[in-house]
Amino acid sequence: MAASVREKQAAALKRMLNFNAPPLKNTAAEPVWKVLIYDRFGQDIISPLLAVKELRDMGITLHLLLHSDRDPIPDVPAIYFVMPTEENIDRICQDLRNQLYESYYLNFISAISRSKLEDIASAALSANAVTQVTKVFDQYLNFITLEDDMFILCNQNKELISYHAINKPDIMDTEMEAIMDTIVDSLFCFFVTLGAVPIIRCPRGNAAEMVAVKLDKKLRENLRDARNSLFTGDNMGAGQFSFQRPLFVLADRNLDLATPLHHTWTYQALIHDVLDFHLNRVSMDESVGSEASPSGARPKKKNKKSYDLTAADKFWQKHKGSPFPEVAESVQEELDTYRAQEDEVKRLKSIMGLEGEDEGAISSISMSDNTAKLTSAVSSLPELLEKKRLIDLHTNVATAVLDHIKSRKLDVYFEYEEKLMSKSTLDKSLLDIISDPDAGTPEDKMRLFLIFYITALQAPSETDLDQYKKALLETGCDLSSLNYIKQWKAFTKIAATPSNYGNSGVKPMGLFSRVMNSGSQFVMEGVKHLVLKQHNLPVTRILDNLMEMKSNPETDDYRYFDPKMLRGSESSTPRNKNPFQEAIVFVVGGGNYIEYQNLVDYTKAKPGKRVLYGCSELFNAGQFIKQLSSLGQK
């Protein structure tokens, strides 16, 4: 199996940073020093993929934002990586006039129009800098990969293509066209980078269908134009889909509004839900000094700390999809094994006469005295220190998550919502949880009630609804999101057949007894030890039907597009009856880590299959409720 999208996008960036020549294998040669100029879009694409150290290894000495004040550096080449917008082009022309750099390699994140190219050309002429503009490239990289099997379209200006933007009642056709074009442009870039032409399936009569029609047309036009097609020749040879094309399933967020509001129990999704987690970086406040301040003293000032959760972090890769209790146990185990090794570290440091030294000094020790002892000490030390850094990181992050779980009783919410979604018997009334002042924030209560309302077989009677509303208002909830969900439920056919969330069920395992050993960092009393049973969410179920070619009323009338067919025959009957091995699911209107994790778990159970998850934006429940509320106020 060839490279993942993440690897392909990273490879494309590296090629670009090497002046669009394939990077050299032998690193003995000194790289050419150069400057990288990007805009916010470029920054968001590069930052989850390449660390600053990797940029430095590629010869990037400086990386600057396009619209910042930059000093001229006349003797270095500059690589630009920006969106082809009016203001960016103006700024590039200004750079040419001011003769900032020795030569200019202009790379546009998505295709630049003819007229804008002419603007640059005329600016280069008037600035007498034609020879300096060495190359102009369209990179087709207008999407952000966060995981090997997950991508989002954009982070800047994401409100322009948000759920709110697509579903607001007073939207004009021109606005809708613009949103769809933006989404299709990014998806087109995605398939160019992937090097594959997909077979597209989508439901009828919603935004997903509009995206499918436009994407089919765009792919078709590109394939038709044989001279300039992006899907032929050299970049296709590298495609891993040499025998079979991938299935591309477009889903609409409206098909399932309960999951994005759901409280979750797996590590990555919890971090995204309760902490500030953005483009694989989590930012949190931490108080200076861990000891509690004496009562009555002013609370210590908070520092913002941010951690990158990367593919290189083995603990993260292994546990991001695990239920939280397991993560807490694993962090504790790692900590214990590290403590055993820590004494070893102290011993090594003393051998090397480096008792109080900082890590920087350690890495730069000269190896003149290369006794065997020192050699082994120096080689095992950086590894141990890195391990320590990762353990500290996960201890801090997991502790922060645990504080939220305990203070908001998130385990209670999670268990209750799972029962609502799987239609199992409830052990206490919804009103009790809503009116319990200790359970959760007003937002938590609102999420729970909306899930109850969305999944209910028949809507609650007016009198019941008034009673719920009163209780919600008393706890300080904003009910405007409910107004929208009411309209939505009345409007969608789905109300007739509530979407089936599988018989998930959660097995409570009693309280945390095992984690409660005295040395543990995590005090878990009273938090339920919940274990998940595998169940498929609606998005996963639709994918399963289409990928395995199962007949199901839910997906039988999905439209079928094959951009490679000469005549775009409108049919919902697939030509090929074999199950697919590769699929990409894309949710128009936004997605979340719960669905991503559900798809990952589904794929694990199917050896040899690969599924990617993409969405137009990634939001957590809080951000989604904000969008619903502003829709409800219209």
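This passage walks through a predicted model, from its confidence to its sheet, a helix pair and a salt bridge.

Residues are numbered from 1 along each chain as its sequence is written, and side-chain values use heavy atoms, with hydrogens and water left out. Because the model is predicted, local features need pLDDT of at least 70 and side-chain atom pairs count only at pLDDT 80 or more, whereas totals for chains, interfaces and linings use all residues. The confidence score pLDDT (the predictor's confidence in each residue, from 0 to 100) averages 82 over the protein, and 80% of the residues score at least 70. Two stretches call for caution. Over residues 288-297 pLDDT stays under 50, and the model has 5 contacts (heavy atoms within 4.5 Å) there beyond four places in sequence. Over residues 508-519 pLDDT also stays under 50, with 25 such contacts.

A good place to start looking is the open sheet, where 5 strands follow the order β2-β1-β3-β4-β5 with parallel pairing. Strands (E, at least two residues) and helices (H or I, at least four) are DSSP runs, numbered from the N terminus, and two strands pair if DSSP finds at least two bridges between them. At the edges stand β2 (60-65) and β5 (133-138), each with a single partner strand, so one side of each has no neighbour in the sheet. From one strand to the next, the twist averages 20 degrees. Strand β4 (residues 101-108) is joined to β5 by 5 bridges, and Tyr105 stands opposite Lys135 in β5.

Helices pack on this sheet too. Helix α1 (residues 5-17) touches β1 (34-38), β2, β3 (73-82) and β4, and its direction makes about 155 degrees with that of β3. Helix α4 (residues 86-97) touches β3, β4 and β5, at about 165 degrees to the direction of β4. Angles run from 0 to 180 degrees between N-to-C directions, and axes are lines fitted to C-alpha atoms, for helices over the stretch in contact.

Further along the chain, helix α15 (residues 410-421) packs with helix α17 (residues 442-455) at about 10 degrees, their axes 9 Å apart. The two are therefore roughly parallel (angles under 35 degrees). Among the contributors are Tyr413 and Leu420 of α15 and Leu448 and Phe452 of α17.

Finally, the model has 30 salt bridges (a side-chain nitrogen of Lys or Arg within 4 Å of a carboxyl oxygen of Asp or Glu). One joins Glu209 and Arg559 at 2.6 Å, N to O. Glu209 lies in helix α8 (residues 207-224) and Arg559 in strand β15 (residues 559-561), so the pair ties together parts 350 residues apart in sequence.

Conventions:
Parallel < 35°, antiparallel > 145°, perpendicular 65-115°, else oblique.
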